[in-house]
Amino acid sequence: MQDTTIASSRSQTKATGPLKGTRIVEFAGIGPGPFACMLLADMGAEVITLVRPKQMPKGAASRGRKVIEVDLKDKAAIAQVLSLLDSADALVEGYRPGVMERLGLGPDVVLGRNRKLVYGRMTGWGQHGPLAQAAGHDINYISITGALAAIGGADKPVPPLNLVGDFGGGSMYLVMGMLAAMLEASRSGQGQVVDAAMCDGAASLITMFFDMTAAGRWKESRESNMLDGGAHFYGVYECSCGNFISIGSIEPQFYAELRELAGLSEACYDNHMDSKNWAAVKDKLTAVFKTKSRDEWSKIMEGTDVCFAPVLTMSEATKHPHMVAREVFIQHEGATQPAPAPRFSRTPSVARPAVKVELGDAVREWQGA
């Protein structure tokens with residue numbers, strides 16, 4: 001990404017999207033907070049990000065922002081930040097509980113001045129509870145929800161990158177909560193605090209598996225269930241080239257397509273939902289998929305009802321015909337990035353550059369001075 005200290009005279013992509021006209025102040029952090037604000041900015045919100053002096057943000061997650069360097073230990077700066085918040089629709093912060101209060105920017109102060117403001121708080125453990133003040137990362141937050149224990153091979157859990165805690169359970173739930181609260185505030189005239197905790201969101205994401213457990217259709221041992229790699233018809237297989245393919249042939253008609261295209265005529269492939277046979281059949285199917293390369297299997301199965309896809313690296317994904325046709329990846333600020341999502345028919349989202357502005361200028365602009 002190019003230097004974000006861009007002169008205000010530089011031509012910029014105009015804000016568009018369903019959130020155009022919405023004003024949000026972000027107190028810069030790492031991980032899920034910036035990603036949430038990227039989503040909001042992509043959808044047209046005017047996001048002003050407050051950063052420490054000489055710590056300009058970089059990367060895709062900082063796109064679409066107006067960036068202000070500010071020393072939050074300076075009481076004069078705090079006064080200006082409060083003035084900025086007086087005209088904001090929402091605030092996003094990801095500090096440990098109590099930090100904003102000590103800065104004089106807690107919900108009581110801010111909502112006391114701007115009663116319609118939505119106060120978004122992004123943490124791992126939440127605003128209260130025995131672990132609220134403890135340090136942690138995605139892997140820790142998903143550990144106590146049951147999610148991490150369910151993911152991986154039979155021998156040990158495998159961290160699913162930081163997709164489940166930071167971005168799935170964190171960013172997405174923060175954005176959903178803030179949009180809901182802003183919608184409600186537009187009717188009631190009253191804002192509120194949105195307490196988005198990654199452990200809460202990650203737990204919410206595994207709701208279906210709690211349902212399956214209650215119904216007796218989920219075992220807590222990994223690789224013993226239909227969706228965790230236990231079933232031979234839902235998983236990842238290595239090919240002769242050393243690359244991998246994925247199949248998800250759950251329904252009978254899809255499984256029948258798999259059998260036909262892979263030549264699985266033996267009786268052992270019958271009754272595919274009989275879990276007692278999964279391990280043995282999985283070994284046989286492993287040998288079958290190793291007879292051809294990933295590209296060969298793709299020519300046979302991709303686009304059929306097998307529910308098939310090649311397992312691609314990130315660099316390969318940018319070149320896949322489907323991803324190219326849908327323009328899922330874009331070139332922005334000199335780098336390849338995923339395009340804004342989701343898509344809107346009338347108010348499209350746009351990835352915009354980040355621009356450095358001054359705090360005083362932003363206050364005057366927002367106050368209409």
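Trp125 and Tyr141: buried or exposed? Hold that for a minute. This is a predicted model. I'll take the sheet, then the helices on it, then the rings.

The sheet. It is open and has seven strands. The order runs S6-S5-S4-S1-S2-S3-S12, and the pairing is parallel. As a reminder, strands of a sheet pair through backbone hydrogen bonds, either parallel or antiparallel. Two strands sit at the edges: S6, residues 193-197, and S12, residues 355-356. Each of those edge strands pairs on one side only.

Look at the S6 end. The neighbour of S6 in the order is S5, which covers residues 118-123. S5 and S6 pair in the parallel sense, over five bridges. For a register point, take Thr123: it stands opposite Ala197 in S6.

Now the helices. Helix H1, residues 32-42, packs on the sheet. H1 touches S1 (23-27), S2 (46-51), S3 (65-69), S4 (90-93) and S5. Its direction makes about 160° with that of S1. Helix H6, residues 163-188, packs on the sheet too. H6 touches S4, S5 and S6. Its direction makes about 170° with that of S5. S4 and S5 are touched by H1, and H6 touches them as well.

On to the rings. How many aromatic pairs are there? The count comes to eight. A pair of aromatic rings is described by the distance of the centres and the angle of the planes.

Start with Phe35 and Phe167. Centre to centre, they are 5.0 Å apart, with 55° between the planes. That pair is tilted. Phe35 belongs to helix H1 and Phe167 to helix H6, 132 residues apart, so this pair links distant parts of the chain. Phe35 is partly exposed, at 21% relative accessible area. Phe167 is partly exposed as well, at 23%. The cut-off for buried is under 20%.

Next, Trp125 and Tyr141. Why is this pair edge-to-face? The ring centres are 4.8 Å apart, and the planes stand at 85°. Over 60 degrees counts as edge-to-face. Trp125 lies in the loop between S5 and helix H5, which spans 138-143. Tyr141 is in H5 itself, 16 residues away. And my opening question? Both Trp125 and Tyr141 are buried.

Two last items. Phe233, Tyr255 and Trp278 form one aromatic cluster. And there is a charge over a ring: the charged end of Lys292 sits over Trp297, 5.0 Å from the ring centre.

That's my tour. Questions, please.

Key
Residues are numbered from 1 along each chain as its sequence is written. This is a predicted model: local features need pLDDT of at least 70, side-chain atom pairs count only at pLDDT 80 or more; totals for chains, interfaces and linings use all residues. Side-chain values use heavy atoms; hydrogens and water are left out. Two strands pair if DSSP finds at least two bridges between them. Helices (H or I, at least four residues) and strands (E, at least two) are DSSP runs, numbered from the N terminus. Contact means heavy atoms within 4.5 Å. Axes are lines fitted to C-alpha atoms, for helices over the stretch in contact, and angles run from 0 to 180 degrees between N-to-C directions. Rings of Phe, Tyr and Trp (its six-membered ring) pair if their centres lie within 6.5 Å; planes under 30 degrees apart count as stacked, over 60 as edge-to-face and the rest as tilted. Buried means under 20% relative accessible area, exposed over 50%, partly exposed in between (1.4 Å probe, protein chains only). A charge sits over a ring if NZ of Lys or CZ of Arg is within 6 Å of the ring centre and within 35 degrees of the ring normal.
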